[in-house]
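User: I've got a structure on my screen and would like to talk through its salt bridges and pockets. Can you walk me through it?

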Amino acid sequence: EANPQTPEMLEELGGFLGRLDLALSGFTHPAARDSDLAWNPALALEVISRHLDAIADPGRRDLVEHFVRIADATLAPILHRLRSGVIHNDANDYNVLVGPPAPAGGPRPRQIVGLLDFGDMLHAWIACEPAVAISYAMLGQADPLAAAARVTAGYHRAHPLTEPEVEALWPLALIRLCTSVCLSAHRRTAEPDNAYLTISETPAWRALEAMRAIHPRLAHYTLRA
């Protein structure tokens with residue numbers, strides 16, 4: 001509900017998450033490594049495959065399969081080079097708290113002041129933290145790649161990403177959105193009256209359609225820059 005979602009605010013979001021993950025460095029808990037959570041990034045391709053047929057539109061199924069091929073080809077060679085740790089794993093636009101509007105002409109943009117819902121927290125690739133934020137920050141944006149770049153810049157300034165992590169960001173964000181639309185399609189049949197389960201579905205499809213026009217190498221090099 002915070003509008004406008006300015007580039008500066010998206011960069012603040014990235015920085016907030018970077019500081020969070022820096023604070024979590026070295027934290028561990030037995031339950032964090034024992035997760036069959038549907039939102040576990042390590043299980044994303046399995047979850048998508050399991051629920052892909054719940055998407056009725058064949059064109060949309062093809063779109064998801066297109067992104068799965070990109071992610072699989074990109075991520076498989078580099079996953080072993082990604083750092084891992086405990087992450088929040090759900091910095092979507094309903095879980096981020098934004099402070100009051102900044103004074104006109106003030107020195108700082110509108111601040112990110114808090115984060116809700118640690119229920120999906122787990123041990124995963126650290127790059128998934130900014131990737132999840134990127135996937136939701138792109139929703140409703142005229143230029144999704146520019147929004148992704150601002151979140152990346154903010155995160156990297158607070159918690160520097162490695163070269164393989166930067167390369168992984170775009171495919172991880174793609175796969176998060178694909179997981180979201182597959183789970184929404186599945187849950188619509190199980191809980192048709194639960195509006196929250198599908199609240200991101202329409203903007204997620206729009207974002208995926210826009211992202212198809214962005215070459216993966218262009219995305220990688222833009223985020224790297």
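**Salt bridges and a pocket**

Analyst: Sure, and keep in mind that this is a predicted model. Let's start with Glu-46: its relative accessible area is 47%, so it counts as partly exposed.

User: Which side chain does Glu-46 meet in a salt bridge?

Analyst: Look inside helix 2 (residues 44–51), where Glu-46 has a partner four residues apart, so the two are separated by about one helical turn. The N to O distance is 2.9 Å, and the partner is Arg-50.

User: Is Glu-201 buried or exposed?

Analyst: Glu-201 forms a salt bridge with Arg-188, with the closest N and O atoms 2.4 Å apart. That pair links distant parts of the chain, Arg-188 in helix 6 and Glu-201 in helix 7 (residues 201–211). Arg-188 is partly exposed at 39% relative accessibility. Glu-201 has 10%, and since the cut-off for buried is under 20%, Glu-201 counts as buried.

User: How many residues apart are Glu-163 and Arg-224?

Analyst: Their side chains meet in a salt bridge at 3.0 Å, N to O. Glu-163 sits in helix 6 (residues 163–190) and Arg-224 in helix 8 (residues 216–224), so the pair links distant parts of the chain, with Glu-163 partly exposed at 45% relative accessibility. Along the chain, they are 61 residues apart.

User: How many nonpolar residues are in the lining of the largest pocket?

Analyst: The pocket has a volume of about 590 Å³. It's lined by 23 residues, with Glu-1, Ala-2, Gln-5, Asp-93 and Tyr-94 nearest its centre. Five of the lining residues are polar and two charged, and the nonpolar ones number 16.

Conventions:
Residues numbered from 1 in each chain as written. Predicted model: local features only at pLDDT ≥ 70, side-chain atom pairs only at ≥ 80, totals over all residues. Heavy atoms only, no water. 1 Å grid on protein atoms, 1.4 Å probe; cavity = no way out; pocket = protein on both sides within 12 Å on 5 of 7 lines; lining within 4 Å. Points joined across faces, edges and corners; volume = space filled by probe spheres on them. Nonpolar A, V, L, I, M, F, W, Y, C, P; charged D, E, K, R; others polar. Salt bridge = Lys/Arg side-chain N within 4 Å of Asp/Glu carboxyl O. Buried < 20%, exposed > 50% of the residue type's maximum accessible area, 1.4 Å probe, protein only.
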